[in-house]
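This report describes selected local features of a single model, with attention to side-chain interactions and backbone geometry. The sequence and the structure are shown first.

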Amino acid sequence: TEKFMPFVTELDFATGKLNPEGHVITRNLSHMKDMYYDQEAVRQLLGQNPLIYVVYNVVVPETAAHIQHCVTILYPGKVGNEYFMTKGHYHEVLDRAEIYFCLKGKGQLLMQTQDGAFASIDMVPGSVAYVAPEWAHRTVNTGDEPFVFFAAYPGDAGHNYGDIETEGFAKLSVEQNGEAVLVDNPRY
Ligand code: PAN
Ligand code: ZN
């Protein structure tokens with residue numbers, strides 16, 4: 001069999017972009033409108049349909065032998081008083097862990113398990129967070145500049161968005177008096 005050859009991707013620290021860009025995923029509000037709590041605020045913002053995040057994925061085979069890696073640029077903003085966030089997911093192969101390394105901006109990493117545990121980690125440049133096996137994960141931009149983080153995870157992990165689409169996360173990250181606070185999700 002052919003050897004898979006080593007290669008390098010350049011990450012621009014100023015923007016978070018990868019070169020080559022790889023597989024690019026963009027998420028606007030319309031891609032995740034049901035995930036925000038304040039549906040009236042969603043309706044008001046949908047005309048403008050803001051870009052919420054972009055993911056640059058280095059393309060490698062999706063097998064256990066490989067390590068998927070990517071950069072997420074999560075833009076600042078709010079829907080009502082809820083901060084812009086990623087969709088969030090469990091890995092399709094539930095016990096596949098992940099590392100998140102914050103490069104720029106600030107945010108929160110929200111995590112939960114199927115048996116009801118919840119955890120959150122504040123991320124600033126230099127924070128290296130370990131998403132342990134079996135934890136769903138979502139990031140939130142609590143700052144006023146792009147929140148940029150690098151991620152690496154097993155090649156066969158896959159993404160399960162369905163469970164989060166139906167259940168949401170146990171906590172919402174909202175601005176209260178200029179501060180980011182976690183509140184119980186009334187719909188959870
Ligand atoms: C990350 C996420 C990325 C976007 O690379 O996929 O930040 O978030 P969603 O996938 O939840 O939309 C990761 O956790 N990969 O496994
Ligand atoms: Zn993941």
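The charged end of Lys87 is placed over the ring of Tyr161, at 5.3 Å from the ring centre. The model in which this arrangement appears is a predicted one.

**Aromatic pairs**

Three aromatic pairs are counted in the model. In one of them, Phe147 and Phe149, the ring centres are 5.4 Å apart and the planes meet at 40 degrees, so the pair is classed as tilted. The class follows because an angle that is neither under 30 degrees nor over 60 counts as tilted. Both Phe147 and Phe149 are buried. Ring pairs also bring in Tyr100, which forms a cluster with Phe147 and Phe149.

**A buried acidic residue**

Glu98 belongs to strand S8, which covers residues 98-104. Although Glu98 is buried, it has no salt bridge. The nearest side chain of opposite charge is that of Arg96, 11 Å away; a salt bridge would require a distance within 4 Å, so Arg96 does not provide one. What Glu98 does have is a polar contact of 3.1 Å between its side chain and that of His137. Beyond its neighbours within four places in sequence, the residues in contact with Glu98 include His89, His91, Tyr130, His137 and Tyr153. Ala129, Val131, Ala151 and Ala152 are also among these contacts.

**Thr166 in helix H2**

Thr166 is located in helix H2, residues 162-167. Its relative accessibility is 68%, so Thr166 is classed as exposed. The side chain of Thr166 reaches the backbone oxygen of Asp163 at 3.1 Å. Thr166 and Asp34 are separated by 132 residues in sequence, while their C-alpha atoms are 9.5 Å apart in space.

**Backbone features in loops**

Asn19 and Pro20 are joined by a cis peptide bond, with omega at about 0 degrees. Pro20 lies in the loop between strand S2 (18-19) and strand S3 (23-28). Two asparagine residues have a positive phi although neither is a glycine; their values and settings are tabulated below.

| Residue | Phi | Loop between | Relative accessibility |
|---|---|---|---|
| Asn49 | about 45 degrees | helix H1 (39-46) and strand S4 (51-58) | 22%, partly exposed |
| Asn177 | about 50 degrees | strand S14 (171-176) and strand S15 (179-184) | 80%, exposed |

At 22% relative accessible area, Asn49 counts as partly exposed, whereas Asn177, at 80%, counts as exposed.

Terms used: Residues are numbered from 1 along each chain as its sequence is written. Chains are lettered from A and ligands numbered from 1 in the order in which they are written. This is a predicted model: local features need pLDDT of at least 70, side-chain atom pairs count only at pLDDT 80 or more; totals for chains, interfaces and linings use all residues. Side-chain values use heavy atoms; hydrogens and water are left out. Rings of Phe, Tyr and Trp (its six-membered ring) pair if their centres lie within 6.5 Å; planes under 30 degrees apart count as stacked, over 60 as edge-to-face and the rest as tilted. Buried means under 20% relative accessible area, exposed over 50%, partly exposed in between (1.4 Å probe, protein chains only). A charge sits over a ring if NZ of Lys or CZ of Arg is within 6 Å of the ring centre and within 35 degrees of the ring normal. Helices (H or I, at least four residues) and strands (E, at least two) are DSSP runs, numbered from the N terminus. Lys and Arg count as positive and Asp and Glu as negative; His and the chain ends are not counted. A polar contact is a pair of N or O atoms within 3.5 Å; within protein, one must be able to donate a hydrogen and the other to accept it, and residues adjacent in sequence count only if both atoms are side-chain atoms. Contact means heavy atoms within 4.5 Å.
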